[in-house]
Amino acid sequence: MTTMRMATGRQGATAGTVFLAGPALMAAYGVVRLIGRAVSDYGPGMWWSLAHLLFLAGVLVFVPVFLGLRWLAGERGGKRVAVAVAAWTGLLGAVAVAVQAVIDLVVGFVAADKRAMGEIFERVQDVPGVMPLVYTVVPLLFWFGLLALVTLLAFFRRDLVRVWAPVAVLAGVVLTAMNLDLLPIGALCIGLALLPVRRSR
């Protein structure tokens with residue numbers, strides 16, 4: 001029994017850590033991006049690749065975040081359905097954002113310089129359906145899903161998600177939408193919203 005409780009505790013701690021890993025990786029992407037822009041033209045090269053690897057990792061880590069938050073809803077009929085819809089909305093957006101990150105990485109790898117990157121991006125984005133699916137519409141579902149999920153849980157699971165958490169997530173989303181340079185601060189806001197959840201695991 002003691003061994004089983006220890007194993008369960010380790011699993012809970014690992015699962016809880018994921019709630020902070022996503023925002024932390026997003027913040028790291030924002031910081032590396034700022035450094036890259038400060039020391040170079042932030043085209044193809046080390047800074048671009050490192051930043052977008054962190055970005056991709058952050059998006060992928062949000063998959064268990066969405067699933068973990070969905071699990072918190074419990075088995076309560078309509079409430080669970082609403083939370084599930086929000087979670088799957090966020091996951092759909094995460095897929096689009098991940099595809100965007102992969103495209104950025106590939107373009108940065110194959111392009112000789114920043115001008116070539118621009119030309120490749122134009123060709124990719126000229127493909128019918130790519131812009132709404134990967135860049136303009138579906139990726140927004142990532143942020144809307146996260147905000148909706150945290151807001152619902154702030155009502156349904158006040159013991160785990162604080163009442164101010166949706167405001168913190170909204171602040172993070174708005175800051176990021178205003179200017180990508182503010183992403184580290186925006187990610188910090190989201191991390192603060194998820195911190196109580198992590199502590200309760």
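This is a guided tour of a predicted model, stop by stop, with what to select at each one.

**The whole chain**

Start with the full protein in cartoon view. It has eight helices and zero strands, so there is no sheet to look for. Read along the sequence, the pattern is α-α-α-α-α-α-α-α. Of the 201 residues, 43% count as buried. Among contacts between residues at least 6 apart in sequence, 69% join residues at least 24 apart.

**Helix 1 and the loop between helices 7 and 8**

Select Arg33, Arg37 and Asp181, and show their side chains. The structure holds four salt bridges, and two of them are described at this stop. Arg33 pairs with Asp181, with 2.6 Å between the closest N and O atoms. Arg33 lies in helix 1 (residues 2-39) and Asp181 in the loop between helix 7 (165-178) and helix 8 (183-200), so this salt bridge ties together parts that are 148 residues apart in sequence.

Asp181 also forms a salt bridge with Arg37, again at 2.6 Å from N to O. This pair too links distant parts of the chain, since Arg37 is in helix 1 and Asp181 in the loop between helix 7 and helix 8, 144 residues apart. Colour the three residues by accessibility. Arg33 is buried, at a relative accessible area of 12%. Asp181 is partly exposed at 26%, and Arg37 is partly exposed at 42%. Salt bridges that share partners join Arg33, Arg37 and Asp181 into one network.

**Asp104 in helix 3**

Keep Arg33 displayed and add Asp104, which lies in helix 3 (residues 77-110). Side chains of opposite charge can pair when their charged atoms come close. Which side chain of opposite charge is nearest to Asp104? It is Arg33, 9.0 Å away. A salt bridge needs a nitrogen and a carboxyl oxygen within 4 Å, and Asp104 has no salt bridge although it is buried.

Now show what does touch Asp104. Leaving aside neighbours within four places in sequence, its contacts are Trp48, His52, Phe121 and Tyr135. Two of these residues, Trp48 and Phe121, come up again below.

**Tyr42 and Trp48**

Select Tyr42 together with Trp48. A search of the whole structure finds seven aromatic pairs. In this one, the ring centres are 5.1 Å apart and the planes stand at 50 degrees, so the pair is tilted. Both Tyr42 and Trp48 are buried.

**Helix 4**

Move to residues 114-125, which make up helix 4. Its 12 residues reach 16 Å from the first C-alpha to the last, close to the 16 Å expected at 1.5 Å a residue. Select Ala116, Met117, Ile120 and Phe121, the buried residues of this helix. Looking down the axis of helix 4, you will find them within an arc of 135 degrees, so they line one face. Then turn the helix round: the face turned away from the buried side carries the exposed residues Arg115, Glu122 and Arg123.

Gln125 is also found in helix 4, and it is partly exposed, with a relative accessible area of 27%. Beyond its neighbours within four places in sequence, Gln125 is in contact with Val130, Met131 and Tyr135. The C-alpha atoms of Gln125 and Tyr135 are separated by 8.5 Å, with the two residues 10 apart along the chain. Tyr135 is also one of the contacts of Asp104.

**Helix 6**

Select residues 140-156. At 1.5 Å a residue, the 17 residues of helix 6 should span 24 Å, and the end C-alpha atoms are 24 Å apart, which agrees. The buried residues here include Phe142, Trp143, Gly145, Leu146, Leu149, Val150, Leu153 and Ala154. They cover an arc of only 165 degrees around the axis, which puts them on the same side of helix 6. The face turned away from that side carries the exposed residues Phe144 and Phe155.

Zoom in on Phe142, which is buried at a relative accessible area of 1%. The rings of Phe142 and Trp143 have centres 4.9 Å apart and planes at 85 degrees, so this pair is edge-to-face. Add Phe62 and Phe66 to the selection: ring pairs link these two with Phe142 and Trp143 into a cluster.

**Arg157 and Asp159**

For the last stop, select Arg157 and Asp159. Their side chains meet in a salt bridge, 2.8 Å from N to O. At 19% relative accessibility, Arg157 counts as buried, the limit being under 20%.

Notes:
Residues are numbered from 1 along each chain as its sequence is written. This is a predicted model: local features need pLDDT of at least 70, side-chain atom pairs count only at pLDDT 80 or more; totals for chains, interfaces and linings use all residues. Side-chain values use heavy atoms; hydrogens and water are left out. Helices (H or I, at least four residues) and strands (E, at least two) are DSSP runs, numbered from the N terminus. The expected span of a helix is 1.5 Å times one less than its number of residues. Buried means under 20% relative accessible area, exposed over 50%, partly exposed in between (1.4 Å probe, protein chains only). The arc is that of the directions from the helix axis to the C-beta atoms. Rings of Phe, Tyr and Trp (its six-membered ring) pair if their centres lie within 6.5 Å; planes under 30 degrees apart count as stacked, over 60 as edge-to-face and the rest as tilted. Lys and Arg count as positive and Asp and Glu as negative; His and the chain ends are not counted. Contact means heavy atoms within 4.5 Å.
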